[in-house]
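Okay, everyone here? Let me put the model up, and then I'll talk you through it.

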Amino acid sequence: MKKPPRSKPLLRTEEPIRSKPRKKRDPAQPKLQIEPMPSRVEPALAQLVTKAPSSGSWGWEIKWDGYRLHIHIEGNQVRIITRGGYDWTDRFPAIAEAAQHLGPTTMILDGEAVVLDDQGRSDFNLLQKSLGASGRKGGNLSSPAILYAFDLLYLDGHDLRRVEYRSRRHLLEDALEGDHGAIRISEEIEADPTELLDHACRLGLEGIVGKNQDSSYRSDRTGDWIKLKCVQSDAFFIVGYEPSAGSSGGFASLLLAAYEGDQLTYVGSVGTGFKERDATQLRKTLDKLPWKRKGPPVTYSGKRKAIWVQPTLIAEIEFRAWTSDGKLRHAAYKGLREIQDNADVYQLDQS
């Protein structure tokens, strides 16, 4: 059997092979700069309004009832940062695992961690129970919560905060195309906001959020993002409780305070929304809080037989309106917020 002939070289030349000389860059050609990923971004917040704007270009989404998070992804490294700036990566293992599978892309996702009820609605109380944040020891160390992502702040070396929202939204949809487990996209809904809010309220949802399509990403409440709520829900400090006449283990109501500037102001009480077991456990937690002063931590002129506590615990309270003297009306307890997330405490002058 004859050997196959040796292949001839594809290139025959007497001169050594060299690449062409590199041309100088055309200064008119746009230059894409690589920008470092910020270690933390103060979140953009939605301003509460009572009516949808009549002009401008707005995108509308469901308002999720959970914890605001930023997901930092660098290769296979994931950090989950709360609104207050704390690292809760270990608290949300399902979200962290899903984020790892999005790598090696480098990005910062903005979204809300939620636990859904059997009707597919986000339930803050279920989220708190999954985090073990009901004031008792021995709670779960991590939550099976999922993330609904609604913005993209950084992608592959480029800070997107200066880019208009509609473009960030397109990039987010491309980045999250397909099934990514515990990370889902918060769908943008094309509908009249008045009709959408009415539909959301009938389904028992918290409300809707609108985002100005032409806006950059600006931290704090700027009016670029707005929210319309079916029911008001915000966080307040617990500053005391009224003992229960019928039960030694619980209480009749919690006394609440909000910020007015840098000071705390009494805003009323809440006496509904508690399960007996949760009330008993919360009472034990309250009784362990140190408080050496005899008087209340807020200005108080009421006649309740109150036990005052150090303003440490933060409760999520649902309410219908405010009274003329600045007290919560038709308030109901939803659950405790984490102490580390005290940036959520209601500001009376936030509007």
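I'll go through the conventions, then the sheet, a hairpin, one helix and the cores.

Conventions, quickly. What you see is a predicted model, so I'm only using local features with pLDDT of at least 70 and side-chain atom pairs at pLDDT 80 or more, while totals for chains, interfaces and linings use all residues. Residues are numbered from 1 along each chain as its sequence is written, and side-chain values use heavy atoms, with hydrogens and water left out. Helices (H or I, at least four residues) and strands (E, at least two) are DSSP runs, numbered from the N terminus. Strands pair if DSSP finds at least two bridges between them.

Right, the sheet. We've got an open one with four strands, ordered β1-β10-β9-β2, and the pairing is mixed. β1 (44–48) and β2 (58–62) sit at the edges with a single partner strand each, so each has one side without a neighbour in the sheet. On average, neighbouring strands here are turned by 35° against each other, direction ignored. For angles, axes are lines fitted to C-alpha atoms, for helices over the stretch in contact, and angles run from 0 to 180 degrees between N-to-C directions.

β9 (residues 207–212) pairs antiparallel with β10 (residues 220–229) over five bridges, and there K211 stands opposite W225. Helix α4 (residues 193–202) packs on this sheet and touches β2, β9 and β10, with its direction at about 150° to that of β9. Contact, by the way, means heavy atoms within 4.5 Å.

Next, the hairpin. β3 (residues 67–74) and β4 (residues 77–82) run antiparallel, joined by six bridges, with I71 opposite I80. Two residues lie between the strands, and G75 in the turn has a positive phi of about 65°.

And I71 comes back in the largest nonpolar core, where it's among the residues with the most contacts, along with F92, I95, L109 and I183. That core has 45 residues, and β6 (residues 146–155) gives the largest share, six. A core here is a set of buried Ala, Val, Leu, Ile, Met, Phe, Trp, Tyr and Cys residues joined through side-chain atoms within 4.5 Å; buried means under 20% relative accessible area with a 1.4 Å probe, protein chains only.

So what does I183 touch beyond its neighbours within four places in sequence? I95, A98, A99, L102, L109, L147 and L176.

Last bit: a second, separate core has 23 residues, including V267, L282, F319 and L328. L282 is also one of the buried residues of α5, and those pack against β11 (232–243), β12 (251–260) and β18 (332–337).

Definitions and conventions
Buried means under 20% relative accessible area, exposed over 50%, partly exposed in between (1.4 Å probe, protein chains only).
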